Amino acid sequence: MALPQPNIVAFPERRSAAPVLVLLTVCLPVVAIVSLTAGSVSIPIRDIAGILFGYPSANPAWDQIVVNLRVPRALTAILAGAALSLSGLQMQTMFRNPLAGPFVLGISSGASLGVALVVLAAGAGASTLIAGLDTFGNFGLAFAASTGAGTVLGLVLGVSRRVENNMTLLILGLMFGYVSGAMVSVLIYFSASNVAQAYLIWTFGSFAGVTWSQLTVYGPLAVVGLLVGLFSSKALNALLLGETYAASLGLTVWRARFWILSSASMLAGVTTAFCGPIAFLGIAVPHLSRSILNTSDHRVLIPAACLMGAIVALISDLVARVPGSHITLPLNAVTALIGAPVVVWIVLRRRNIKSAFAS
């Protein structure tokens, strides 16, 4: 007699998750509106509301700034924050490693290599990296980045079957990242100076370069990856108990790993393609979600991580813009200031560093 599909229900904390999810849902549009008001040009919130509803503002330039710059930037931050957070949550569960994430395990480096092969090796002469998308195609760049991310994640997944120590797995993931980075460095060395400079600027990470035409590609791909991740919640709950026990519950482990791998690769890959390799969101936000909800149930962790990731991404972008000035900080510098203390807290709350890497 076939066993039923896994449906983990032993999560007593789930009832208390509703207020947190409601609060996050309310906070997201509030932070998004604040993000639209901030920048080198101060625009009153009343005018922004009018522009969003199709009414002309007192200054025609404000319409262009809001519609063509700030709204795409805010939408990109929301999608990227949700995508990287869910990707990190999937990796932490699949590898049963608290410090797994797209950046730490070299997934972002693999995606960066895919972008470099398309843009640098082809010798795109655009002044910025995103401008090169008109030549090579948005889908082509997204596919290259997802393929690079999937290749590295597949290597890490294969190694994880042979390695029991999570510290060793993290080191190997870093080595895969270094190898990808070395190949990118070789491509940069033989590229034109303007292309190499544009690529280096792209590695700082930014939500500002994505236009409406690129959002028509990035948005659907990110949503598909998020939906696949959302429907993998039961499989992720089962994998928390170990692959052997998950199989005894009726889970087809190889199929579950394939869909989780595909979702994580797509989310990390397309986000890196359009926004650059953004660090720490994928590792920090899942832990913040677990701490706030006090649960490991992915049926509530996934929506919470997506909402919180979007909020943290918007706040990071807001800080990077330094409202009221013409200064723009590198996005990765801001996410590191937010995420690094979380990683330190993850390690210190354990009895020792070795146990922090235990499965």
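# Exercises on buried charges and a kinked helix

Asp317 is buried, with a relative accessible area of 2%. The exercises below concern this residue and other features of a predicted model.

**Exercise 1.** Determine which residues form the network of salt bridges that includes Asp317.

*Solution.*
Step 1. A search of the whole structure yields three salt bridges.
Step 2. One of them joins the side chains of Asp317 and Arg73, with an N to O distance of 3.0 Å. This pair connects distant parts of the chain: Asp317 belongs to helix H14 (residues 298-320) and Arg73 to helix H3 (residues 60-94), and 244 residues separate the two.
Step 3. Asp317 also meets Arg321 through their side chains, here at 3.3 Å from N to O.
Step 4. The network of salt bridges therefore links Arg73, Asp317 and Arg321, since a bridge requires a side-chain nitrogen of Lys or Arg within 4 Å of a carboxyl oxygen of Asp or Glu.

**Exercise 2.** Classify Arg73, Arg321 and Asp297 as buried or exposed.

*Solution.*
Step 1. The cut-off for a buried residue is under 20% relative accessible area.
Step 2. Arg73 has a value of 15%, so Arg73 counts as buried.
Step 3. Arg321 is buried, as is its partner Asp317.
Step 4. Asp297 has a relative accessible area of 0% and is therefore buried. Asp297 also takes part in a salt bridge with Arg299, whose closest N and O atoms lie 3.0 Å apart.

**Exercise 3.** Describe the span, bend, cover and flanking residues of H3.

*Solution.*
Step 1. H3 contains 35 residues, and the distance from its first C-alpha to its last is 50 Å, close to the 51 Å expected at 1.5 Å a residue.
Step 2. A kink of about 35° is centred on Val66 in H3.
Step 3. Of the 35 residues in H3, 27 are buried, leaving the helix mostly covered.
Step 4. At the start of H3, the backbone nitrogen of Ala61 has a side-chain oxygen of Asn59 within 3.0 Å.
Step 5. Arg96, just after H3, adopts a positive phi of about 50°.

**Exercise 4.** Identify which residues make the nonpolar surface patch of about 320 Å², and explain why Val30 can belong to a patch.

*Solution.*
Step 1. The patch is made by Val22, Val26, Val30 and Val34.
Step 2. Val30 is located in helix H1 (residues 17-37).
Step 3. With a relative accessible area of 47%, Val30 is partly exposed. Val30 therefore meets the accessibility criterion for a patch, which is over 30%.

Key: Residues numbered from 1 in each chain as written. Predicted model: local features only at pLDDT ≥ 70, side-chain atom pairs only at ≥ 80, totals over all residues. Heavy atoms only, no water. Patch = residues over 30% accessible without salt bridge, like charges linked within 9 Å, V, L, I, M, F, W, Y side chains within 5 Å. Areas by Shrake-Rupley, 256 points an atom, 1.4 Å probe, with all protein chains shown as cover. Helix = DSSP H or I, 4+ residues; strand = E, 2+ residues; numbered from the N terminus. Buried < 20%, exposed > 50% of the residue type's maximum accessible area, 1.4 Å probe, protein only. Expected span 1.5 Å × (residues − 1). Bend = angle between axes of the 7 residues up to and from the residue. Polar contact = N/O pair within 3.5 Å; in protein donor to acceptor, adjacent residues only side chain to side chain.
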